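Work through the following exercises with the sequence and the model side by side, and try each task before reading its solution.

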Amino acid sequence: MDFNASPIGIYIRIVAIISLMLGLNDAARLLGVNLGSVSPITTMGMTGFVYLAIFALARLFAAVGLWIKASWGAVLLVGATSVELALYLMGSSDVDMSAIGFAVRLVLLASIIIIFVLSIRIRRAGAAD
């Protein structure tokens, strides 16, 4: 993928910032920022805690990958977000998110898919010239 094209580059940086913010929010939940003296493992359960840790790390690494415009960042973000949304939609009690969090993740997934489509179109237009 050619992530170095100027219009796509700005769009990718915006998606990277959104991914970074979601990853940091998940990391704060892992640390129990708003829970007081209650342990996050007690609140979420061990499986939910592990899921959240994996998704937070994947989102943070994906944000770095997108920021440096590496294609693995987009693949990592699509994979992590797709798995998280699939678990949530299947009714897993271990994956908990608000309606706003669900909407942000859907927008993030749609944004990455749009980036893939735009990069393919730009590549085809460059090959046709």
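**Exercise 1.** Locate Thr 81 in this predicted model, decide whether Thr 81 is buried or exposed, and list which residues beyond its sequence neighbours Thr 81 is in contact with.

*Solution.* Begin with the secondary structure, where Thr 81 belongs to helix α4. Next take the relative accessible area, which is 1% for Thr 81; since buried means under 20%, this residue is buried. Finally, once the neighbours within four places in sequence are set aside, the contacts of Thr 81 are Arg 59, Arg 105, Leu 108 and Leu 109.

**Exercise 2.** Check whether the span of helix α3 agrees or disagrees with its number of residues, and then list which residues of α3 are buried.

*Solution.* Helix α3 covers residues 46-67, which makes 22 residues. The expected span is 1.5 Å times one less than the number of residues, and this gives 32 Å for α3. The C-alpha atoms at the two ends are 32 Å apart, so the model agrees with the expectation. The buried residues of α3 include Phe 49, Leu 52, Phe 55, Ala 56, Arg 59, Ala 62, Ala 63 and Leu 66. In an α-helix there are 3.6 residues a turn, so residues three or four places apart point the same way. Just beyond the end of α3, Lys 69 adopts a positive phi of about 60°.

**Exercise 3.** Determine which elements give two or more residues to the largest nonpolar core, and which element has the largest share.

*Solution.* The largest nonpolar core has 12 residues, among them Ile 8, Leu 22, Ala 62, Leu 66, Leu 77, Leu 108 and Ile 115. Assigning the core residues to their elements shows that α1, α3, α4 and α5 (99-128) each give two or more. Of these, α1 provides the largest share, with 5 residues. A second core of 8 residues is separate, and includes Phe 55, Ala 80, Leu 85 and Leu 109.

**Exercise 4.** Turn to the surface, and establish which elements give two or more residues to the nonpolar patch and how Leu 20 is classed by accessibility.

*Solution.* The patch has an area of about 1,100 Å², and its members include Leu 20, Met 21, Phe 61, Trp 67 and Trp 72. The elements that give it two or more residues are α1 (6-31), α3 and α4 (71-89). Leu 20 sits in helix α1, and its relative accessibility of 33% makes it partly exposed. Asn 25, also placed in α1, is partly exposed as well, at 42%. The C-alpha atom of Asn 25 is 8.2 Å from that of Ala 56, although the two residues are 31 residues apart along the chain.

Terms used
Residues are numbered from 1 along each chain as its sequence is written. This is a predicted model: local features need pLDDT of at least 70, side-chain atom pairs count only at pLDDT 80 or more; totals for chains, interfaces and linings use all residues. Side-chain values use heavy atoms; hydrogens and water are left out. Helices (H or I, at least four residues) and strands (E, at least two) are DSSP runs, numbered from the N terminus. Buried means under 20% relative accessible area, exposed over 50%, partly exposed in between (1.4 Å probe, protein chains only). Patches are made of residues with over 30% relative accessible area and no salt bridge: like charges are joined within 9 Å, nonpolar side chains (Val, Leu, Ile, Met, Phe, Trp, Tyr) within 5 Å. Accessible areas come from the Shrake-Rupley method with a 1.4 Å probe; for residues, only the protein chains shown count as cover. A salt bridge is a side-chain nitrogen of Lys or Arg within 4 Å of a carboxyl oxygen of Asp or Glu. A nonpolar core is a set of buried Ala, Val, Leu, Ile, Met, Phe, Trp, Tyr and Cys residues joined through side-chain atoms within 4.5 Å. Contact means heavy atoms within 4.5 Å.
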